[in-house]
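Dear colleague,

Please find below the structure that I am handing over to you. My findings follow it, beginning with a question that may be of use as you open the file.

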Amino acid sequence: MDAGMRVLTIVGIAIFCLTHVAYAATGTATYYTPPYVPSSCYGYQNDGVMIAAASDAIWNNRAACGTTYKVRCIGPTNQGVPHPCKGQSVVVKIVDYCPPGCAGTVDLSQEAFSVIADPNAGKINIEYTQEKKNYTQETLLLFCN
């Protein structure tokens, strides 16, 4: 393979590696209150308050642990609070599991829920997107060589 073709191939693979096709899934969110440890993913490790528990919809046998999601309120689920959304989004890290019977797709920490919606709503409709993974130069070199 000549040098020009090799450069084009490497650039193409790098673009492929860095491209992220994002789509927003819809679901519901509830919230839980402290204490947030222990968690199913990290035991007694404190991961702050911008965290969430994943339901079976995204849990994937613990594969969701550490994944970050951008979550946005898109509307109410009941008539209790007709306009719960605050017009903001929040990025949360999955640190826990919300077992079968979980009332939402994600169970946000109270602090995370409060950023995007009125906590009095209890449960909201959401749109969520998995955040893009950051690839290091070493990862790209391993993949591209």
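Leaving aside neighbours within four places in sequence, with which residues is Ala52 in contact? The contacts of Ala52 are Tyr32, Val92, Lys93, Ile94, Val95, Asp96, Asp107 and Leu108. Please bear in mind that this is a predicted model. Ala52 lies in strand E2 and has a relative accessible area of 0%, so it is buried. Its C-alpha is 8.9 Å from that of Cys98, although 46 residues separate Ala52 and Cys98 in sequence.

Overall fold

The protein comprises four helices and six strands, arranged along the sequence as α-β-β-α-β-β-β-α-β-α. Of its 145 residues, 33% are buried. Among contacts between residues at least 6 apart in sequence, 79% join residues at least 24 apart. The exposed surface amounts to about 8,600 Å², of which carbon and sulfur atoms supply 56%.

Nonpolar cores

Twenty-five residues form the largest nonpolar core, and Val71, Ile94, Leu108, Ile116 and Ile124 have the most contacts inside it. The elements that give two or more residues to this core include strands E1 (25-32), E3 (68-76), E4 (89-97) and E6 (124-130), as well as helix H3 (110-116). A second, separate core has six residues, among them Tyr32, Tyr36, Ala53 and Val95. Returning to Ile116, and not counting residues up to four places away in sequence, I note that Ile116 touches Val71, Leu108 and Ile124, and its other partners include Arg72, Cys73, Pro84 and Val90.

Aromatic pairs

A pair of aromatic rings is described by the distance of the centres and the angle of the planes. There are four aromatic pairs in the structure, and two of them are described here. The ring centres of Tyr31 and Phe113 are 4.9 Å apart and the planes stand at 45°, so this pair is tilted. The pair links distant parts of the chain, since Tyr31 belongs to strand E1 and Phe113 to helix H3, 82 residues apart. Tyr31 is partly exposed because its relative accessible area is 27%, whereas Phe113, at 0%, counts as buried.

The pair of Tyr32 and Tyr36 is edge-to-face, with 5.2 Å from centre to centre and 85° between the planes. Tyr32 has a relative accessibility of 15% and therefore counts as buried; Tyr36, at 10%, is likewise buried.

Charged side chains

Which residue forms a salt bridge with Lys93? The partner is Asp47, and the closest N and O atoms of the two are 3.0 Å apart. This pair links distant parts of the chain: Lys93 is in strand E4 and Asp47 in the loop between E1 and E2, 46 residues apart. Both ends are partly exposed, with a relative accessible area of 23% for Lys93 and 22% for Asp47. The charged end of Lys93 also sits over the ring of Tyr42, at 4.7 Å from the ring centre.

The count of salt bridges comes to two. Besides the one just described, Glu127 and Arg72 meet through their side chains at 2.9 Å, N to O. Here too distant parts of the chain are linked, as Glu127 is in strand E6 and Arg72 in strand E3, 55 residues apart. Glu127 has a relative accessible area of 25% and is partly exposed; Arg72, at 36%, is also partly exposed.

Yours sincerely

Definitions and conventions:
Residues numbered from 1 in each chain as written. Predicted model: local features only at pLDDT ≥ 70, side-chain atom pairs only at ≥ 80, totals over all residues. Heavy atoms only, no water. Core = buried A, V, L, I, M, F, W, Y, C linked by side-chain atoms within 4.5 Å. Buried < 20%, exposed > 50% of the residue type's maximum accessible area, 1.4 Å probe, protein only. Contact = heavy atoms within 4.5 Å. Areas by Shrake-Rupley, 256 points an atom, 1.4 Å probe, with all protein chains shown as cover. Phe/Tyr/Trp six-rings, centres within 6.5 Å; stacked < 30°, edge-to-face > 60°. Lys NZ or Arg CZ within 6 Å of the ring centre and 35° of its normal. Salt bridge = Lys/Arg side-chain N within 4 Å of Asp/Glu carboxyl O.
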